[in-house]
Structure formats: C-alpha cells, structure tokens
There are 2 protein chains.
Amino acid sequence: MLIVQKFGGTSVANVERIKAVAERVVNTAKQGNKVVVVVSAMAGETDKLINLAHQVSPNPSEREMDLLLSSGERVTTALTAMAIDALGYKSIALTGWQAGIITDTVHTKAKIEKITADRIVNALNNGYIVVIAGFQGITGKEGEITTLGRGGSDLSAVAIASAINSDLCEIYTDVEGVFTTDPNIVPEAKKLEKISYEEMLEMASLGAKVLQTRSVEFAMKYNVPVVVRSSFSDKPGTLVTKEDKDMEKVVVSGITYDKNQAKITLIGLPDRPGIAAKLFTDIANANIVVDMIVQNVSSDGKLADISFTVPKSDLNKALKIAKDIATELGAQNVIYRDDISKISIVGVGMRTHSGVAAKMFETLAKHGINIMTISTSEIKVSCIIEAKYTELAVRVLHDAFNLADKPTV
Amino acid sequence: MLIVQKFGGTSVANVERIKAVAERVVNTAKQGNKVVVVVSAMAGETDKLINLAHQVSPNPSEREMDLLLSSGERVTTALTAMAIDALGYKSIALTGWQAGIITDTVHTKAKIEKITADRIVNALNNGYIVVIAGFQGITGKEGEITTLGRGGSDLSAVAIASAINSDLCEIYTDVEGVFTTDPNIVPEAKKLEKISYEEMLEMASLGAKVLQTRSVEFAMKYNVPVVVRSSFSDKPGTLVTKEDKDMEKVVVSGITYDKNQAKITLIGLPDRPGIAAKLFTDIANANIVVDMIVQNVSSDGKLADISFTVPKSDLNKALKIAKDIATELGAQNVIYRDDISKISIVGVGMRTHSGVAAKMFETLAKHGINIMTISTSEIKVSCIIEAKYTELAVRVLHDAFNLADKPTV
C-alpha cells in the first residue's frame, strides 16, 4: 500500500516523540508499504513565533508572517528524516515547495491550487521514505512562501494523499479517533469505527477538534480515505470515508458542543426587505463568521427580531456593527448573551429516520434545559442553550440516543 | 549610497536587539541610502538545532542538516523585516533562494557560485529595504537548500554586496572593529582605522575571530570595501580595504594568538624522498587541516625530524595516523605537545622593512620565552611557544612594536 501518515505538533513535540514517530513510520515500511510522512511544527513552536512577531510589530505583514511560521515545519521535517535514517531506512525531507505544493497568493490562509508531485513520486520509486513539511506551500508565479492556516498540515496530508493516489491517509493526533462525544464529559463515550465525510464535517465545524474542516472537505471532494488515530498508542482509529449502507442504520453518530459562541439579537426592526442583507453584509465585511441566524416577525407583522451567533472573540466587533445598524434603521434594542452553548446531534441516518429532532427537544425539556434557538441541516440538529447546562445536555442526549451501546472497536 | 549591513547572531539575539537593528537600518535609509540587510540566526539557535539533530541521529545527513539549520535565519529575516516595517519603512524579507544565492552542492559548507540579484535590485528600486537570510543558498539544478558553513552570513553579505555593486558592506558584530591585539590581554590595544585585505586574512585565520576568512578572500577578490563595527555602539569601525601607501608605513598592524593548536613530532625518520608526502596525504585524507610544518635533518644527514601543528580537536586522530606511519617507516619515536600557543605579528609593512622577525625573536628571548617553531610569510611571522607564556608574549610584543601609540580613531 501507499500510505500518507501525518503527525501533528504534539506527536513531534520533542526528540523522544520524533524518534517514536520514526519507529512507527519504519514499522509501516517494514510491512511492505511505501510511506509519505507529513509533519507539523513542534507543539507550541508556531505560537512562540507568532508571539515574537507581535513583539517586533503591532501589525506584522502577512507575507513575512508566512516566511516566519514556515520555519517551524522545516525543523521537524529535517529531524524526522534524520531519525528515520538513523533506523537504517533511506529518507528525504522536502519543504512545501520542494514537494510541489502550489497555492494561491492569500498569505496566512492560502488555498492549495495543485500539487506537482513528481519529486515525491520519484523519491518513493527510489526507495525513500519521504518526509514533507506540512502547513506550507509556495505561490506558483512569484515563488512566495505561503501557509495554509491553522490545522493546515491536515490539509497538506490529504492533498498529497490525493495527488499521489495514496491508498490511505492516516492523521496521527493526541486522541484515539472520533468519539460519540467528548469523553471528558461522558466517560462511556465510544470511539466510532467509521464515519462519513458529511458527518465528520459537521463534527469538525461544530467543535470536535480532531480534523480541520477544510481537510475533510478536500478528502470528501477527492474521495481520500482518512484514518484519525493516536500517535501514542497502536489502537486502530476512526475511518472517515464515503457514506455506506451501514452508516444509514445509525440515526445519531455523535453529539458535539461549542461553548465559544455568543448570540446577538436586534429587537423591533422594521420588517422591510433588505434589512437582513444589510446587517450580514456589514458583518461579513468585518471578517466575522456568522453561524446560526434566526428571524421572527412579530404578531402584527410590522416588526421583526433577528438573532445570530458569532464566535465569542468577535462579539464586541459584531455588537458595534449591530448597534450602528440598529440606530440607522430604528430598531428598538440590541441585546446579547455570551453565556450560551451550542449542542448538536449529528448523523447521516437522520435523512431516513423521522422524529430525531423531536426526541432531542423532548430530552432537553425533560431535564429542564430551555432551548433558545434551533437550527437544522439534513444530518444535524443544533440547539442554543444556557452554557451552564452544556455537560448535562451532552450526557442526557448521549444516553437518549444510546450512543454508549455502539460496538466498541 | 547603496549599503549592505550584516548583523550577526548576538545583534539579533532577541526582540529588543532586532528592534535596535531595525532602528539602525532605518536611520541609514533616512540619510538617503539604499539598504540591504543580511541577518544570521539568533545567537545560540544554530547550536540548539545541531544539538537536536545529534539527539535524533548519531550521524545526521548533511542534506537534512542544511534544511534544519536554514530555518534559523528565516526567523530573524522575517522578524527584522517586520520590525523595519513597524517603523514606517517598506521592507521585504527574502530567503537565500529568493535572493538568488546559488551555491554548489557541498552540503554544510557550500560555496557561492553566483548571485542572481534581480529580485534584490527590483525591490530596492521599488523603495524597499531588503532583508536577506544569511548563511544559506540553493543549488542551481536540484533546488536543494545548502548552508555556507560557520560564519557563512559574512560571506553572504560580501557576496551580495559584490553582486549588486554596493558601495560598502558593513559587518555588525559584538566588537568595535579590528584591534592591534586582544584588548582582554592588552588593555591599551588600539582599534585600527583601516587594514588591508591581506592583513585581515592573516588576522582572521590566526584567530582574530572578527570576520570569517572566506568572506575576506571574497571581498579581496571582488574588491568589496568592508567595515567591521559594533551593533552596540555608534563608533566607526575598521575599514578592510585594498592596501595603500599609508598602510606600508606601518610595519606591524596587529598581534594575534591561537591557543587551539597541538604539535606532533616524528623523530628519526629515514631521510628519503616521499616521506613527508605520504604523511601529509594521509592526514589530509582524514580532513585534518595542518597549519605549520617544519623538517630538520640530523647532523649525519640520514635521519630527519618532522614537526607539524593541527587543531587541538584533531590531535588524537592525527596522532594515530602519525604513529601508524612511524611504525611503517621505522621512525624512532612520535611525541606531541598540546600545551602550546601560536603568536603572530602581521603587517604589510614587513615587505619593505627588514629586521621585523629579528625584533620579535629578540623580544621573546629577552622575557625568557623559548621559541619552539618558527614560520613566516610575506606579511606575517609566527612562533610556537609554551601556552603559559601566551599573554606575556602578546603584551611584550605589543609594547615592542609600539602598537599602543597608533592614532586612536
């Protein structure tokens, strides 16, 4: 098999961990596989560099920031190749541009445009284990160094796996896979054997920080089988793959929560066309990502309330925009809450099973948890509740949908 | 003027130092100059990376070592450009390959083959202060990252200065310039206003660790005026330049010492042609650099003694080779001393003044310092003495040649 193995920052955090990674890679090669390794910077290194940048400049240029941050992966790439070499296996370290990772020109959050994988493929054919710096690329025309944004190494791995037609892309991290919910809250939470790309996308964007959203999208688009597993154990992880018949039988695959949201409500807006458009255009222009949006019209049909949620870190910025618009349009009031939490149930089986949302609402109500806002998609139901009920809600929903009874892997 | 300013590891050791460098660069630009900045890695960073490499592998590959080490300069390059930018001046950071520094393929001690300076020149013409990563380059054909060896950033600076026809190359370091001798030994040592390339070469190779030897050779070959000065003060430094009439008037410019040598003597070798050749070929093949070589033939003309000096770190290796050859050729004995020191006087004026060597020997003798070995070149006389007399020898020679009376700058 041709396998891409990606190791995150905690997996290469120090010399001992890098040696352990080398051993795992060599064991994979010993079993007759060709292996490409993608590594992140040592845990903490990227934050250290960002901190240095902000100490020398209040507003560091993004181009130079990319040059700065790309150095972290070069260190681990070189060290990992050396460690593999020391175990008697030929290994070559490649930077993002040496590996042919061509991106657009959007510094600090570049998109991969293509991968010219000749050098990777040649090295593999010559018997090398290829170690590639994740998170970084180069613009095709100007030769500028770019980075792919937080968690970008996952994307590097999936994109490389796709470019070289890898049979499998293994993402090694500090958790054993994707769980039915956070095991810190529900000790009985079970590791999922497999999960569909769509479900993983919902889980990832909802706060299960196992795989970066963009890398799941990429894997789904190019149909790359991804396994999420732990670099600290030999247990099999969770396979993220195409939806299959088995998966549809499971109504709810997992329960996620996100405490990092705040909710803003504009009360008593005149109910005219274009008002929501104006509000959310202004907010988007400030680079704030809005998650849920709910609009109610009052009984007399003349006034409307609009609620929406934003990341807590953007609350002040979003609140200022909302107040400006409220004044401009003559709204009655703007209120906000930052003591909220979003609880979601996710599962492709929802498409073919009815009553799932009802069961969720009923379960929360039975435990006295009030629902402030509801939002649904084909394979997900999300509720905003008071933050203090987060753990309780996760536990009772995990119970209600019998997730602890899933077959253990 | 077009000026290249190079800052070493101690000059960019932390955020405060980097900000100070940015201020100096901006002040130079304010005076109407175009500025190119070359930076080293933060002090200690390269050693830290080398240490990591040796922890993951007993024998790290040189190719991967270069990739590893090249990361240090990228960090300081990016941070320095950011710091300049924060002072309101446009600045762009370039890696070795972005700056067009093409080298041969000898990893960890590559030679610069050419500099394709278009990007540097374009950026200068567009009003940018260009910050370039020192110490690193790229091979022209394969696109492999190379480093230029210890002190390679000096070489980067001089080579770039030559490639863009810079008026001046300033090397900022932690000393104020080139002194008549080590001020730690002779407090009256004077900073030289200027010194010839040839003298600087002798001083550099003899242990005055101000400028890397290769960078002086390069500057001499391409006639690049170099100023060595301190990044911790505004005092003018020492100009390293072509020999001129003024310089010839000064018989001795400086006194250097080197405690890092050991001496090996093969006693009673048969005096046959080819014996020295055999010995020094074997030693060269072991990558040991021999400094002084002295051969005496005994009074009966049948047996010869050969003495030579090597760096102390290579003593054991060299001794083993010498003993093998002694056995092979039937020499009487092999002895060594590692408690020695080399004292040298340097000056282009020696070419036109006689009696300089005699004065040196006489001065040492007068103070009871025995000379074990003598070696001379056109502009230098070196003596091997017992290490314990090093400081005394430097002081009495500094006195004898009236170096404290040089005009202070």
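Which residues of α10(B) are buried? That takes a look at one helix of this predicted model, after which we can turn to the chain contacts, chain A as a whole and a pair of loop residues.

## Helix α10 of chain B

The buried residues here are Ala318(B), Ala322(B) and Ile325(B). They sit on the same side of α10(B), because the arc they cover around the axis is only 65 degrees. That fits the usual helix geometry: with 3.6 residues a turn, residues three or four places apart point the same way. Flip to the other side of α10(B) and you find Asn316(B), Lys320(B) and Thr327(B), which are exposed.

So what covers the buried residues of α10(B)? The cover includes three strands, β14 (261-270), β16 (303-311) and β17 (333-337), along with the helix α9 (275-285), all of chain B. As for the helix itself, α10 runs over residues 315-329 of chain B, 15 residues in total, and its first and last C-alpha are 21 Å apart, close to the 21 Å expected at 1.5 Å a residue. Right after α10(B) comes Gly330(B), with a positive phi near 75 degrees.

## Where the chains touch

Chain B puts 30 residues in contact with 30 residues of chain A. On the chain B side, the elements giving two or more residues are α1 (15-30), α2 (45-56) and α3 (62-86). Of these, α3(B) gives the most, with 14 residues. By residue type, the side of chain B that touches chain A splits into 18 nonpolar, eight polar and four charged.

## Chain A overall

Chain A has twelve helices and 20 strands. Its C-alpha trace spans about 75 × 50 × 30 Å along the principal axes. The radius of gyration is 23 Å, which agrees with the value near 22 Å that a compact globule of 409 residues would have.

How much of chain A counts as buried, and what share of its contacts links residues 24 or more positions apart? Of the 409 residues, 48% count as buried. Among contacts with a separation of 6 or more, 74% come from residues 24 or more positions apart.

## Asn165 in both chains

Most residues other than glycine have a negative phi. Asn165(A) isn't a glycine, yet its phi is positive, about 55 degrees. You'll find Asn165(A) in the loop between α5 (152-163) and β9 (168-173) of chain A. It has 11 C-beta neighbours inside 10 Å, so Asn165(A) counts as exposed.

Over in chain B, Asn165(B) also has a positive phi of about 55 degrees without being a glycine. Its loop lies between α5 (152-163) and β9 (168-173) of chain B. Asn165(B) counts as exposed because it has 11 C-beta neighbours inside 10 Å.

Technical notes. Residues are numbered from 1 along each chain as its sequence is written. Chains are lettered from A and ligands numbered from 1 in the order in which they are written. This is a predicted model: local features need pLDDT of at least 70, side-chain atom pairs count only at pLDDT 80 or more; totals for chains, interfaces and linings use all residues. Two residues are in contact if their C-beta atoms, placed from the backbone, lie within 7 Å. Helices (H or I, at least four residues) and strands (E, at least two) are DSSP runs, numbered from the N terminus. Ala, Val, Leu, Ile, Met, Phe, Trp, Tyr, Cys and Pro count as nonpolar, Asp, Glu, Lys and Arg as charged, and the others, Gly among them, as polar. The expected span of a helix is 1.5 Å times one less than its number of residues. A residue is buried if 20 or more other C-beta atoms lie within 10 Å of its own, exposed if 12 or fewer, and partly exposed in between; C-beta atoms are placed from the backbone. The arc is that of the directions from the helix axis to the C-beta atoms. The radius of gyration is taken over C-alpha atoms; the globule rule is 2.2 Å times the number of residues to the power 0.38.
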